[in-house]
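Here is a short set of exercises on ligand sites. Work through each task before reading its solution.

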Amino acid sequence: MTVRPYVLLSVASSIDGHIDDTSGMPLALSNEADFDRVDEVRAGCDAILVGAGTIRADDPRLLVRSPDRRAARVARGLGPTPLKVTLTGRGDLDPSARFFTLGDTGKLVYATSGAVARAAGAVGAVATVVDAGDPLDLPGVLADLAARGVRRLMVEGGGAVHTMFLSAGLFDELHLVIAPFLVGDPDAPRFLAAGAYPYGPGNPLRLAEARPLGDVVLLRYLPPPASGVPGPRTDLAWLREAVELSRRCPRSDSAFAVGAVVVAADGEVLATGHSRESSPHDHAEEAALAKIAPDDPRLAAATVYTSLEPCTTRASRPVSCTDLILAAGIPRVVLAWREPGVFTDCVGAETLREAGRTVVELPELAAEVRAVNAHLFPA
Ligand SMILES: NC(=O)c1ccc[n+]([C@@H]2O[C@H](COP(=O)([O-])OP(=O)(O)OC[C@H]3O[C@@H](n4cnc5c(N)ncnc54)[C@H](OP(=O)(O)O)[C@@H]3O)[C@@H](O)[C@H]2O)c1
Ligand SMILES: [Zn+2]
């Protein structure tokens, strides 16, 4: 299995599907509240990618703006602002663009083979230029980013780039912001070009959230569950969702941040949960299981995806998450990280296996879970 970053596509569009006008000036499609939301999402990513067209059209800064968020990144051992990444097939890049001049962070240019020399001549002094094949090999680019330590990638456009990621089905989350106006100009850039997308009416995206932010609305979509039973092929995708949930946990210096998703045999999400979701001692698996009726017949063939091994002893409450999973009759648990003995010694995986349950570990995501909990492991 090729490892790639978690890919989050982010775009703001007019009601009639345009992401810019033809004035030559950037078009404001967001408001302050949404800029602040985007800033927070950026701060949680390792890299931000835009196409060379966006650099030429908008000259964006692509920085984390908030000083507090920059400081929090530095405290986590990261650079103040994510790595900047672009794609080019012509190599026509301007080294004085703000993409290259601003931000105490690396700049990475993936150029098609034929454009490497031109790109290196233009921006080789201020960026790392990488040969991305001919035609550009998008899975290869993502694998290269993962090898460089990028676990979470935010893609901020423009249209050509979003079209490429969505037609390849290479994304984990789409953030679509709709501005309350229409552009109406057929020559104005569109969010997406026509194409053979795998997400027709028979295979729709899943709407995970609709969040009004003043006069704009954020629509957060997830890819459809990969077909049928959540078997080995899709375990990693479900586990990624559990890890994503763990990022919502209120911070604690005495407990892990964990996310959990309970999925039925047909791929339906029965419940999700995360640590400290509604009270300070909540565990993720407990919070999720509390949302499902104990006699729900789908539990007998369900899978619990959890970012951390289910606990076996806990200081705050008498029943452990391992006990809750056993009592619910859930036959299968997929986890990313065996609990390190920071607070208690956990034997969740062993206990579940001894009780005849299947336990699958996917250590591909363990580093990510550790990163979410980095504050518990002072250097
Ligand atoms: N509203 C929003 O959220 C938002 C966000 C970003 C951008 N925008 C708007 O989007 C417009 C720009 O969109 P766009 O579609 O022109 O630009 P783009 O998607 O940013 O960049 C397209 C360029 O990226 C390179 N590229 C992309 N895929 C490639 C591939 N498979 N192989 C090689 N090179 C590849 C090519 O660069 P070369 O041309 O150098 O070969 C291509 O011309 C602007 O009007 C901007 O304002 C809006
Ligand atoms: Zn627990």
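This is a predicted model.

**Exercise 1. Find the element that gives the most residues to the shell around ligand 1.**

Solution.
- Start with the top contributor. Helix 2 leads, giving 6 residues to the shell.
- Next, list the elements that supply two or more residues. They are strand 1 (6-13), helix 2 (52-58), strand 3 (83-88) and helix 7 (159-168).
- Now go down to residues. The shell around ligand 1 counts 26 of them, and the nearest are Asp 20, Thr 54, Arg 56, Thr 88 and Gly 89.

**Exercise 2. Locate polar contacts of ligand 1, and state how much of ligand 1 the protein covers.**

Solution.
- Take the side-chain contact. In Asp 58, a side-chain N or O atom lies 2.8 Å from an oxygen atom of ligand 1.
- Turn to the backbone. Val 161 places a backbone N or O atom 3.0 Å from a ligand 1 oxygen.
- Leu 87 also contributes a polar backbone atom, 3.5 Å from an oxygen of ligand 1.
- Then check the cover. On its own, ligand 1 has 920 Å² of accessible area, and the protein covers 79% of that.
- Finally, place the ligand. The second largest pocket holds ligand 1.

**Exercise 3. Identify the protein donors of the zinc ion (ligand 2), and work out which parts of the chain His 283 and Cys 311 tie together.**

Solution.
- Name the donor atoms. They are ND1 of His 283, SG of Cys 311 and SG of Cys 321, at 2.0 to 2.3 Å from the zinc ion.
- Read the spacing along the chain. The donors follow H-x27-C-x9-C.
- Map two donors onto loops. His 283 sits in the loop between strand 11 (269-274) and helix 9 (284-289), while Cys 311 sits in the loop between strand 12 (303-308) and helix 10 (321-328), so this pair ties together parts 28 residues apart in sequence.
- Are these two donors buried or exposed? Cys 311 has 7% relative accessibility, which is under the 20% cut-off, so Cys 311 counts as buried. His 283 has 23%, between the 20% and 50% cut-offs, so His 283 counts as partly exposed.

**Exercise 4. Place His 175, and find how far His 175 lies from Gly 89 in space.**

Solution.
- Find the element. His 175 belongs to strand 7 (residues 173-178).
- Classify the residue. Its relative accessibility is 4%, so His 175 counts as buried.
- Recall Gly 89, one of the residues nearest to ligand 1.
- Compare positions. His 175 and Gly 89 are 86 residues apart in sequence, and their C-alpha atoms are 26 Å apart.

Technical notes. Residues numbered from 1 in each chain as written. Chains lettered and ligands numbered in written order. Predicted model: local features only at pLDDT ≥ 70, side-chain atom pairs only at ≥ 80, totals over all residues. Heavy atoms only, no water. Donors = N, O, S within 2.8 Å, 3.2 Å for Na, K, Ca; no water. Helix = DSSP H or I, 4+ residues; strand = E, 2+ residues; numbered from the N terminus. Buried < 20%, exposed > 50% of the residue type's maximum accessible area, 1.4 Å probe, protein only. Near = heavy atom within 4 Å. Polar contact = N/O pair within 3.5 Å; in protein donor to acceptor, adjacent residues only side chain to side chain. Areas by Shrake-Rupley, 256 points an atom, 1.4 Å probe, with all protein chains shown as cover. 1 Å grid on protein atoms, 1.4 Å probe; cavity = no way out; pocket = protein on both sides within 12 Å on 5 of 7 lines; lining within 4 Å. Sits in = over half its atoms within 2 Å of the grid points.
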